[in-house]
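This report describes the fold of a single chain. The sequence and the structure are shown first, and the description follows.

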Amino acid sequence: MKLFEHKPFDARTVMGFGVLNGISIGLLNLSLGFNSVGFYQMTKLAIIPCTVILETLFFRKKFSRYIQLSLSVLLFGVGVATVTDLQLNAMGSVLSLLAIVTTCIAQIMTNTIQKKFKVSSTQLLYQSCPYQALTLFIVGPFLDGFLTNKNVFAFEYTPQVLFFIVLSCLISVSVNFSTFLVIGKTSPVTYQVLGHLKTCLVLAFGYVLLHDPFSWRNILGILIAVVGMGLYSYFCTRETQPKPTEASPQVTQVKEGESDPLIADSLNAAENGAAAATDEPLKVPMWSSKYARA
C-alpha cells in the first residue's frame, strides 16, 4: 500500500529479535495461566526495576534519584490498586522470572535496534513479525497440548468465535504498532509507565462501564499511581530540556606587540603624542617591525 518504505537490514538481528518477542509473549501468557492474578500483576510491576537494572549495567544509562523516586511511587500505587493475592508455586515462579527477563530484553532491543539501524517502528515491526508469528505458531500448539492436554485445532470454531479472533488480531496489530512507536520515540521504561496507566484505566472503565466491584483501596492505589506518573513525566521533561550553556568570554584580537608590556607602553605613548611633547626618543624594541626605522 506504499504507506512506508521497506528497509531490510541485518537478518540475524531481525530473526533473533522476532523469536525473542514471540517467546516473551508466550511466557507472559503462561505466567498468567499458572499464577494467580495478583502474582501476575507483581510480575508486570517487576519489569520496570528489571529494565532499569539492565540498562544501567549494560548500557551505562543513568537514572536520577528523582526518576527512581517517581517510579517507586508509581509501582507502589499500582501494587496497592491491583495486587490482591500472592499464591506462589514453583512452575509459575519460574515462568514469571523468564517472562520478566525476556520482556525487558525485547523492549530494550526494540529501542536500540531502531536507533542503531535507523529504521522506523513500522519497518522494524514489518521485518520481525513473520519470525514472531512463526515462533508462536510452531511452539504454541505443542506447548498448549503438553500443559493442558487439549488440542487447539480440535476446538469448534464457530463464525462468532472466528469474528472475535479476527477482531483480536486487528487490535493486536494496532497495539504492536503503538508499542514499537512509543519505545522507539521514548524508552522501555516510559513504555512500562504508560502500560501501568493502562492498568489504572482498565480498573476505572471496568467500574464505570461494567460495574465491577471497586474499593477505596483501588481508588487510593490509582491516585498514588497517577501522582507517580505525573512526577515521572515532570522529571523526564525537566532532565531532557537542554541546559543553558554558560556564556564564554569574548576573545578580542590582540594587536601585534600588545602582549608585551614594553611594546604596549611604547605604542600607546606614540599614539597619544607623548613622545613629541618630550625630547626623549621613542623607545621601541628593535624586534618591533611596525616601528623599526630603516
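Which residues of α4 are buried? The buried residues of α4 are Ile67, Ser70, Leu71, Leu74, Leu75, Gly77, Val78, Gly79, Val80, Ala81 and Thr82, where buried means under 20% relative accessible area, exposed over 50% and partly exposed in between (1.4 Å probe, protein chains only). They pack against α2, α3, α8 (188-209) and α9 (216-240), a contact being heavy atoms within 4.5 Å. Helix α4 (residues 65-82) has 18 residues and spans 26 Å from its first C-alpha to its last, close to the expected 26 Å at 1.5 Å a residue; the expected span is 1.5 Å times one less than the number of residues.

The model is predicted: local features need pLDDT of at least 70, side-chain atom pairs count only at pLDDT 80 or more, and totals for chains, interfaces and linings use all residues. Residues are numbered from 1 along each chain as its sequence is written, and side-chain values use heavy atoms, with hydrogens and water left out.

The chain contains eleven helices and zero strands; helices (H or I, at least four residues) and strands (E, at least two) are DSSP runs, numbered from the N terminus. Of the 294 residues in the chain, 32% are buried. Among contacts with a separation of 6 or more, 82% join residues 24 or more positions apart.

The axes of helix α2 (residues 37-45) and helix α3 (residues 47-58) come within 4 Å and cross at roughly 25 degrees; axes are lines fitted to C-alpha atoms, for helices over the stretch in contact, and angles run from 0 to 180 degrees between N-to-C directions. Helix α2 is therefore roughly parallel to α3, as angles under 35 degrees count as such. Thr43, Lys44 and Leu45 in α2 meet Ile47, Ile48 and Pro49 in α3.

Gln123 lies in helix α6 (residues 121-148) and is buried, at 10% relative accessibility. A polar atom of the Gln123 side chain lies 2.9 Å from the backbone nitrogen of Ser120. Leaving aside neighbours within four places in sequence, Gln123 is in contact with Phe4, Glu5 and Lys7.

Most residues other than glycine have a negative phi. Two residues with a positive phi are tabulated below.

| Residue | Phi | Loop | Relative accessibility |
|---|---|---|---|
| Arg60 | about 55 degrees | between α3 and α4 | 69%, exposed |
| Asn149 | about 60 degrees | between α6 and α7 (159-185) | 70%, exposed |

Conventions. A polar contact is a pair of N or O atoms within 3.5 Å; within protein, one must be able to donate a hydrogen and the other to accept it, and residues adjacent in sequence count only if both atoms are side-chain atoms. Angles under 35 degrees count as roughly parallel, over 145 as roughly antiparallel, 65 to 115 as roughly perpendicular and the rest as oblique.
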